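These are my notes from going through one model. I wrote down what I looked up, entry by entry.

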Amino acid sequence: MAKAIHTMIRVLDEHRSRDFYRNAFGFELADRFEFESFTLAYLRDAESGFELELTVNHGRTEPYAQGEGYGHLAVCVDDLDAEHRRLADLGYAPNPIKEFMREGALMARFFFVQDPDGYKVEVLQRHGRYR
C-alpha cells in the first residue's frame with residue numbers, strides 16, 4: 001500500500017514561504033537541498049509527518065500561474081475560530097468561515113487562506129471525516 005509523503009509547489013521566495021507555513025501551520029524545515037538551478041526545501045508537519053516540498057527555481061522572477069487543475073492543500077485544527085483569529089492577527093487575511101451542510105447535518109466548517117504565492121490552503125475544524 002502506498003503512503004502519501006509530500007506534495008510539491010513552486011514558489012518565488014523560499015524564506016517568505018517557509019515563514020508563512022511555519023507561522024500559519026507549524027510546518028518546520030526538515031531538509032533543504034540546493035542544486036545549480038533550483039533548491040528543494042521540505043517542510044514537515046510534526047503531527048502527521050506529511051511534508052510540503054517547496055521548489056525554488058533560481059532566477060525566476062515572474063509569479064507562477066495557478067492554472068485550472070490545482071485546488072488546495074488542506075489542514076485540520078481543533079479550534080477553527082481561534083485559528084481564524086490567529087491567522088488574521090498575523091496579517092494573512094483568511095477568508096470568512098463557512099459551513100458546508102449535507103442532508104441537513106454539518107459536514108464541515110472551514111475557511112481558506114492563501115500563501116505568499118497565491119496557493120490556497122483550506123483550514124477545517126476537526127469533525128467527521130476531517131481528522
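**Entry 1. Salt bridges of E14**

I started with E14 and found it in a salt bridge with R18, where the closest N and O atoms are 2.9 Å apart. The model is a predicted one, and I read every distance below as computed from it. E14 and R18 are four residues apart in helix 1, which means that about one helical turn separates them. I checked burial next: E14 is buried, and R18 is buried as well.

E14 has a further salt bridge, to R32, with the closest N and O atoms 2.7 Å apart. This pair links distant parts of the chain, since E14 sits in helix 1 and R32 in strand 2 (residues 28–34), 18 residues apart. I noted a relative accessible area of 8% for E14, so E14 counts as buried, the cut-off being under 20%. R32 has 34% relative accessibility and therefore counts as partly exposed.

**Entry 2. R16 and D117**

I then looked up R16. R16 forms a salt bridge with D117, and the closest N and O atoms are 3.7 Å apart. Here too the pair links distant parts of the chain: R16 is in helix 1, D117 is in the loop between strand 7 and strand 8, and they are 101 residues apart. R16 is partly exposed at 37% relative accessibility, whereas D117 is buried at 14%. I also recorded that salt bridges with shared partners join E14, R18, R32 and E34 into one network. My search of the whole structure gave twelve salt bridges.

**Entry 3. D115**

Which side chain of opposite charge is nearest to D115? I found R16, 7.1 Å away; D115 is buried and has no salt bridge. The cut-off for a salt bridge is 4 Å, so a separation of 7.1 Å does not qualify. D115 lies in the loop between strand 7 (105–114) and strand 8 (120–125). A polar atom of the D115 side chain lies 2.8 Å from the backbone nitrogen of D117. Leaving out neighbours within four places in sequence, I listed I9, F20 and Y21 as the contacts of D115.

**Entry 4. Q66**

Q66 is in the loop between strand 4 (51–57) and strand 5 (73–77). I noted a relative accessible area of 27%, so Q66 is partly exposed. What does the side chain of Q66 reach at 3.0 Å? It is the backbone oxygen of D117. With neighbours within four places in sequence set aside, Q66 is in contact with D117, G118 and Y119. I also took the C-alpha to C-alpha distance from Q66 to R131: 27 Å in space, for residues 65 apart in sequence.

**Entry 5. T55**

I looked up T55 and found it in strand 4. Is T55 buried or exposed? T55 counts as buried, because its relative accessibility is 7%. The T55 side chain makes a polar contact with the E53 side chain at 3.3 Å. Not counting residues up to four places away in sequence, T55 touches M8, I9, R10, V11, T39 and L40.

**Entry 6. D79**

D79 is located in the loop between strand 5 and helix 2. Its relative accessible area is 39%, so I put D79 down as partly exposed. A polar atom of the D79 side chain lies 3.3 Å from the backbone nitrogen of D81. The C-alpha atoms of D79 and L29 are 25 Å apart, with their positions 50 residues apart along the chain.

**Entry 7. The two helices**

I compared helix 1 (residues 14–25) with helix 2 (residues 80–89): their axes come within 10 Å and cross at roughly 145°. The crossing of helix 1 past helix 2 is right-handed. Where they meet, helix 1 contributes N23, A24 and F25, and helix 2 contributes E83, R86 and L87.

**Entry 8. The whole chain**

I left the overview for the end. The protein chain has two helices and eight strands, in the order β-α-β-β-β-β-α-β-β-β along the sequence. Its C-alpha atoms fill a box of roughly 55 × 40 × 30 Å along the principal axes. Of the 131 residues, 34% are buried. Among contacts between residues at least 6 apart in sequence, I noted that 50% join residues at least 24 apart.

Key
Residues numbered from 1 in each chain as written. Predicted model: local features only at pLDDT ≥ 70, side-chain atom pairs only at ≥ 80, totals over all residues. Heavy atoms only, no water. Buried < 20%, exposed > 50% of the residue type's maximum accessible area, 1.4 Å probe, protein only. Lys, Arg positive; Asp, Glu negative; His and termini not counted. Polar contact = N/O pair within 3.5 Å; in protein donor to acceptor, adjacent residues only side chain to side chain. Contact = heavy atoms within 4.5 Å. Axes fitted to C-alpha atoms, helices over the stretch in contact; angles between N-to-C directions. Left-handed = near helix turned anticlockwise from the far one by under 90°.
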